[in-house]
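Student: Hey, got a minute to walk me through this model? I'd like the helix packing and then a few odd residues.
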Amino acid sequence: MKFPGQRKSKHYFPVSARDPLLQAAPADSETTSPVVGIDQIMVDIEAKVDDSFIERYGLSRGHSLVIENDVAEALYQELFNGQLISHQFAGGTIGNTLHNYSVLSDDRSVLLGVMCNNIRIGDYAYRYLCNTSSKVDLNYLQGVCGSIGRCYTLIGEHGERTFAISPGDMNQLQPESITEQVIADASVLVLTSYLVRAKEGEPMPQATMKAIEYAKKHQVPVVLTLGTRHVIADNPQFWRDFLRDHISIVAMNEDEACELTGESDPLLAADKALEWVDLVLCTAGPAGLYMAGFTEQETRRKTNLPLLPGAIPEFNQYEFSRGMRRQDCRQPAKIYSHIAPYMGGPEKIMNTNGAGDGALAAVLHDISANNYHRQKVPNSSKHVQQYLTYSSLAQVCKYANRVSYQVLNQHSPRLSRGLPEREDSLEEAYWDR
């Protein structure tokens, strides 16, 4: 997929066929608005060990256990010195999302969180930096004397997987480390539910709320990914209120959506979530993904694709409309779209971790492309309304679906390169809707 932006490949936007009403921005205006995210910085570490190793560290074979920092450090040193580690992957839902966004857009994003002050070549913090796109700006990370988060996957002699989790200092991000200008310049601020529900005494929730405060002050949309159904199930009403008061865009899977809304049908869950937010992305596994949002009633655009049955009959009737924030609509109208898995889904799913993060990265790319285009050609007819997305809801669904497929089809939740070039014969008809 191509958007107007700083891409190495040729832009899709046809410079030879400009809208006669548009007026380009001043030539010296080269600034872009990055996607900014806060994350619990962590690394996934995989190693093969014998049964005595599991017993020596007091782990429960085949189960998951949170371990103390000193135990985690001793465990790591034994693995590292014994050359038992097979993989060290950068992790974290927001880190994955920003990495994939920067790979897709070839543009800057900014990651906020903590990082070890002392980094040794080959260790977990080093691997995090190595596995993160150079387009992700890490200059605003807060240094800590301890470790970042580590999730160990220990594969025993008989193939059993034992998990040991060490949060380290990943929740020690201080409110003072949130720079207002970074948030003010952003196209969106991306968060995860884990940030808000850190343990008592940890500063991460306060830092997160400080970032939200700056985003509201500067009219920057805030995106929340729900993380896991268990976090939502603990207090669904808290999250409904939190979405209503602070969030513009929510990303979730069908299980999280059910816990949040009480609706098992993803379409009805997405519709219910529109009571609190402006745009919804809901991935539904083999059923594909759904999106729901708002647009101006007078500018709704009807689909020319088959109308779909569902809990809301013919719900995709206006899926060729572009999304808007409800506050920017004079007469807000709900719009919905759905897409089945790309090519029926991969023949063999290599990895389910990160598919939703990949889909969200595509949505963020579309939103940032709209922001970029508004800055460069503010008088374009594409900005007669204060649209949130550059493309129609149907087109955003297609893009998110394609990226999700790419993640499912590989071992890592992080893309190593952008998507293959689109085929104009298939996509051209839908591009500018």
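Tutor: Sure. One definition before we talk packing: a helix axis here is a line fitted to C-alpha atoms over the stretch in contact, and angles run from 0 to 180 degrees between N-to-C directions. Also keep in mind that this is a predicted model.

Student: Okay. How do α3 and α12 pack, then?
Tutor: Helix α3, residues 93-105, packs on α12 at an angle of about 50°, and their axes are 8 Å apart. Angles that are not under 35, over 145 or from 65 to 115 degrees count as oblique, so α3 is oblique to α12. The crossing of α3 past α12 is right-handed.

Student: Which residues make that contact?
Tutor: From α3 you have T93, N96, T97, N100, Y101, L104 and S105. The α12 side brings D357, G358, L360, A361, A362, L364, H365 and S368.

Student: And what's the mix by class?
Tutor: The contact of α3 with α12 has six nonpolar, eight polar and one charged residues.

Student: What about α12 and α13, at what angle do they cross?
Tutor: Roughly 145°, with the axes of α12 (residues 355-376) and α13 (residues 393-408) coming within 7 Å. α12 passes α13 in a right-handed crossing. The α12 residues in that contact are A355, G358, A359, A362, V363, H365 and D366. On α13 they are V396, Y399, A400, V403, S404, V407 and L408.

Student: How many nonpolar residues in that one?
Tutor: The contact of α12 with α13 has 10 nonpolar residues, along with three polar and one charged.

Student: Now α9 and α10. What's the geometry?
Tutor: The axes of α9 (residues 236-246) and α10 (residues 254-261) come within 8 Å and cross at roughly 95°. Angles of 65 to 115 degrees count as roughly perpendicular, so that is the label for α9 against α10. P236, W239, R240 and L243 of α9 meet E259, L260 and T261 of α10. Sorted by class, the contact of α9 with α10 comes out as four nonpolar, one polar and two charged residues.

Student: Let's zoom out. How many helices and strands are in the chain?
Tutor: The protein chain has 14 helices and 18 strands. Of its 433 residues, 55% are buried. Looking at contacts with a separation of 6 or more, 77% come from residues 24 or more positions apart.

Student: Any odd backbone angles? Which residues have a positive phi without being glycine?
Tutor: Q83 is one of them, with a positive phi of about 55°. D106 is another, with phi near 55°. I'd look at those because most residues other than glycine have a negative phi.

Student: Where do they sit, and is each buried or exposed?
Tutor: Q83 is in the loop between α2 (69-81) and β4 (85-90), and counts as exposed at 73% relative accessibility. D106 is in the loop between α3 and β5 (109-112). D106 is buried, because its relative accessible area of 16% falls under the 20% cut-off.

Student: Switching to D137. What does its side chain pair with?
Tutor: The side chain of D137 makes a polar contact with the side chain of R108, at 3.0 Å. D137 lies in strand β7, residues 136-137, and is buried at 12% relative accessibility. Leaving out residues up to four places away in sequence, D137 touches R108, S109, V110 and L111.

Student: Last area: where is T303?
Tutor: T303 is in the loop between β15 (289-296) and β16 (322-324). T303 is buried, with a relative accessible area of 13%. Its side chain has a polar contact of 3.0 Å with the side chain of E319.

Student: What else does T303 contact, past its sequence neighbours?
Tutor: Setting aside neighbours within four places in sequence, T303 is in contact with N316, Q317, E319 and F320.

Student: And F320, buried or exposed?
Tutor: Buried, at a relative accessible area of 5%. F320 lies in the loop between β15 and β16. Check its C-alpha against that of S391 too: they are 71 residues apart along the chain, and 8.4 Å separates the two atoms.

Note on methods:
Residues numbered from 1 in each chain as written. Predicted model: local features only at pLDDT ≥ 70, side-chain atom pairs only at ≥ 80, totals over all residues. Heavy atoms only, no water. Helix = DSSP H or I, 4+ residues; strand = E, 2+ residues; numbered from the N terminus. Buried < 20%, exposed > 50% of the residue type's maximum accessible area, 1.4 Å probe, protein only. Polar contact = N/O pair within 3.5 Å; in protein donor to acceptor, adjacent residues only side chain to side chain. Contact = heavy atoms within 4.5 Å. Left-handed = near helix turned anticlockwise from the far one by under 90°. Nonpolar A, V, L, I, M, F, W, Y, C, P; charged D, E, K, R; others polar.
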